[in-house]
Amino acid sequence: MALMATRTKVPLLLLHRVVKNGGAFGKVGAMRSSSTAVVESRPVGLGVLGLKDYEDYRRSLYGEITHKALLVDAAGTLLVPSQPMAQIYRTIGEKYGVKYSEDEILNRYRRAYGQPWGGSRLRYVNDARPFWQYIVSYSTGCSDSQYFEELYNYYSTNKAWHLCDPDAENVFKALRKAGVKLGVVSNFDTRLRPLMRSLNCDHWFDAVAVSAEVEAEKPNPTIFLKACDLLGVKPEDAVHVGDDRRNDIWGARDAGCDAWLWGSEVHSFKEVAQRIGVQV
């Protein structure tokens, strides 16, 4: 979010493969006859099953509507910055003496943001001002308090952000009409709720789980479990959509939720709804 040994992760949902005579998923073990079914219980990744097989599997268990709740990431999925972060840092900072180029600001920002904060991964405590003061100062070389306040306040407004998907409102209305509950799960400080109100999207959701309030940041499963608790659903009945593989996909799956990567596995909320089984 702007101031604003390799292993394969798979869903925690345990898929039970029923294979007849070496059918769709390949033959497992020896069979006594062509009518004998061999059931193997083990985690199976989407790469093994295939996307359509997995969706068919969900529908065989849950019916046409495959999930009771949709969880959505905020920054990068629901909302996106209206201008590049480094450009804003540079433009606002010029009158405060910031000399770094946008490339330098971006590189320094990434370096600062990637470091542990105070010996903890929990960055967003309340309004997160101490954390963002550090980020701004490191990224730009400017510690002017007026500069920080102007920048901080800018990212509190709808001038700084816009909705990623212009069809989001219609899609979310259709999902709620179909009985699917909606929640936001975000690593954000306490500016998120007023920001969502200013963008007129807060009323789309039944619950909002903000890391600054939950005191747990993605990929910690706690924040996903909190969202499910607020919505009154079990984790396995929810799917989370976000743009960060580690925070959103791995974190949600560690909590027991389904998860789809925004911009890769799904590209619009209409596509999300269709995969859940709701036509828009």
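This is a short tour of a predicted model, with a suggestion at each stop for what to select in your viewer.

**Stop 1: the sheet**

Start with the strands. Select strands 7, 6, 3, 8 and 9, and you will have an open sheet of five strands in the order 7-6-3-8-9, paired in parallel. Which strands stand at the edges? They are strand 7 (207-210) and strand 9, and because each has a single partner strand, one side of each is left without a neighbour in the sheet. Now turn the view to see the twist: on average, neighbouring strands of this sheet are turned by 20 degrees against each other, direction ignored.

**Stop 2: strand 8**

Next, select residues 238-242, which make up strand 8. Are its residues buried or exposed? Five of its five residues are buried, so to speak of a strand that is mostly covered is fair. Show the side chains and look at both faces: Ala238, His240 and Gly242 lie on one side, while Val239 and Val241 lie on the other. This fits a general pattern: in a regular strand the side chains alternate between the two faces of the sheet.

Now look at the neighbours of strand 8. Strand 3 (residues 69-72) pairs with strand 8 in the parallel sense over four bridges. To find one such pair, select Val72, whose bridge partner in strand 8 is Val241. Strand 9 also runs parallel to strand 8, and four bridges join the two.

**Stop 3: strand 9 and the crossover**

Select residues 258-261 for strand 9. Asp258 and Trp260 point one way, Ala259 and Leu261 point the other way, and all are buried. Two pairs are good to pick out here: Val239 stands opposite Asp258, and Gly242 stands opposite Leu261. Then trace the chain from strand 8 through helix 11 (residues 245-254) to strand 9, a β-α-β crossover that is right-handed. Helix 11 lies across strand 8 and strand 9, and it runs at about 160 degrees to strand 9.

**Stop 4: helix 4**

Move on to residues 102-113, which form helix 4. How far apart are its end C-alpha atoms? They are 16 Å apart, which agrees with the 16 Å that its twelve residues should span at 1.5 Å a residue. Colour Ile105, Tyr109 and Ala112, the buried residues of this helix. Seen down the axis of helix 4, these residues fall within an arc of 70 degrees, so they line one face of the helix. Asp103 and Arg110, on the other side, are exposed. To see what covers the buried residues, add helix 3 (85-93) and helix 5 (129-140), which are included in that cover.

**Stop 5: helix 12**

Finish with residues 269-276, helix 12. Its buried residues are Phe269, Val272, Ala273, Arg275 and Ile276. They cover an arc of only 165 degrees around the axis, which puts them on the same side of helix 12. Your last selection is Gly277, just after helix 12, where phi is positive at about 110 degrees.

Definitions and conventions. Residues numbered from 1 in each chain as written. Predicted model: local features only at pLDDT ≥ 70, side-chain atom pairs only at ≥ 80, totals over all residues. Heavy atoms only, no water. Buried < 20%, exposed > 50% of the residue type's maximum accessible area, 1.4 Å probe, protein only. Pairing = 2+ DSSP bridges. Right-handed = clockwise from strand over helix to strand, strands pointing away. Expected span 1.5 Å × (residues − 1). Arc of directions from axis to C-beta. Contact = heavy atoms within 4.5 Å. Axes fitted to C-alpha atoms, helices over the stretch in contact; angles between N-to-C directions.
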